[in-house]
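Dear colleague,

I am handing over the structure we spoke about, and below it you will find what came out of going through it. Please read the text with the structure open beside you.

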Amino acid sequence: MDKEVNVLARKTNESNSQKINSIIGLDTLFEGNITTKEITRVDGIIKGNVTSEGTLIVGPKGKVEGNINATNVIIGGIIEGDLKATGKVEITSTGSIKGDITTKSLIIDENAVFQGTCSMNAEVVKKATTTKNDDIKTEELIVEE
């Protein structure tokens with residue numbers, strides 16, 4: 001395994017204690033939409049939309065040409081399409097996305113490529129304020145969409 005595969009494997013293991021249930025292999029081309037309930041890893045090519053109630057992992061040689069809707073997404077390969085995640089999106093140093101991202105949390109490693117816009121929406125945003133005693137006070141603000 002090269003260095004980037006090891007980094008992606010480590011990040012995958014850190015974020016998920018469950019097993020990967022579906023794998024699109026390295027030499028596989030899948031045309032059509034995919035819907036999964038568990039953790040899915042893409043090392044081949046998907047030409048279609050992906051919907052996952054779990055985590056979607058796009059390996060360093062993986063590619064998705066379509067829109068993605070998932071809980072969490074770890075990108076080590078290429079995504080050409082819009083991405084919506086209710087949890088976290090992480091683009092590793094080998095990852096590339098050309099499309100818009102809507103997520104709660106976004107991590108972009110150095111050398112990653114992101115061409116598009118990002119919308120990060122949270123229902124509750126904590127606002128830190130400082131009191132006269134230099135104590136930090138936290139207020140919860142409700143953000144209406």
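Among the contacts in the protein chain that join residues at least 6 apart in sequence, 8% link residues at least 24 apart. Please keep in mind while reading that this is a predicted model, with a pLDDT that averages 82 over the protein chain and reaches at least 70 for 71% of the residues.

As for the overall make-up, the protein chain holds 1 helix and 18 strands, and of its 145 residues 34% count as buried. The protein chain exposes about 8800 Å², of which carbon and sulfur atoms supply 47%.

How are the strands of the open sheet ordered? The sheet is formed by 6 strands, which follow one another as β2-β5-β7-β9-β12-β15, and their pairing is parallel. At the edges stand β2 (29-31) and β15 (113-115), and because each has a single partner strand, one side of each is left without a neighbour in the sheet. Neighbouring strands of this sheet are turned against each other by 5° on average, if direction is ignored. To follow one pairing in detail, you could look at β12 (residues 96-98), which pairs with β15 in the parallel sense over 3 bridges; there, Ser96 has Val113 in β15 as its bridge partner.

Next comes the nonpolar interior. In soluble globular proteins, nonpolar side chains tend to be buried together. In this model the largest nonpolar core has 20 residues, and those with the most contacts inside it are Leu56, Val64, Ile68, Val73, Ile79, Leu83 and Val89. Two or more residues of this core are given by each of the elements β6 (50-58), β8 (68-75), β10 (83-85) and β11 (88-91), with β8 providing the largest share, 4 residues.

Which residues does Ile68 touch, once its neighbours within four places in sequence are left aside? Ile68 is in contact with Val50, Leu56, Val73, Ile79, Asp82, Leu83 and Lys84.

Finally, there are two stretches where the confidence is low by the numbers. Over residues 124-131 the pLDDT stays under 50, and the model has 22 contacts beyond four places in sequence for them. Over residues 138-145 the pLDDT likewise stays under 50, and here the model has 19 contacts beyond four places in sequence.

With best wishes

Key
Residues are numbered from 1 along each chain as its sequence is written. This is a predicted model: local features need pLDDT of at least 70, side-chain atom pairs count only at pLDDT 80 or more; totals for chains, interfaces and linings use all residues. Side-chain values use heavy atoms; hydrogens and water are left out. Two strands pair if DSSP finds at least two bridges between them. Axes are lines fitted to C-alpha atoms, for helices over the stretch in contact, and angles run from 0 to 180 degrees between N-to-C directions. Buried means under 20% relative accessible area, exposed over 50%, partly exposed in between (1.4 Å probe, protein chains only). Contact means heavy atoms within 4.5 Å. Accessible areas come from the Shrake-Rupley method with a 1.4 Å probe; for residues, only the protein chains shown count as cover. pLDDT is the predictor's confidence in each residue, from 0 to 100. A nonpolar core is a set of buried Ala, Val, Leu, Ile, Met, Phe, Trp, Tyr and Cys residues joined through side-chain atoms within 4.5 Å.
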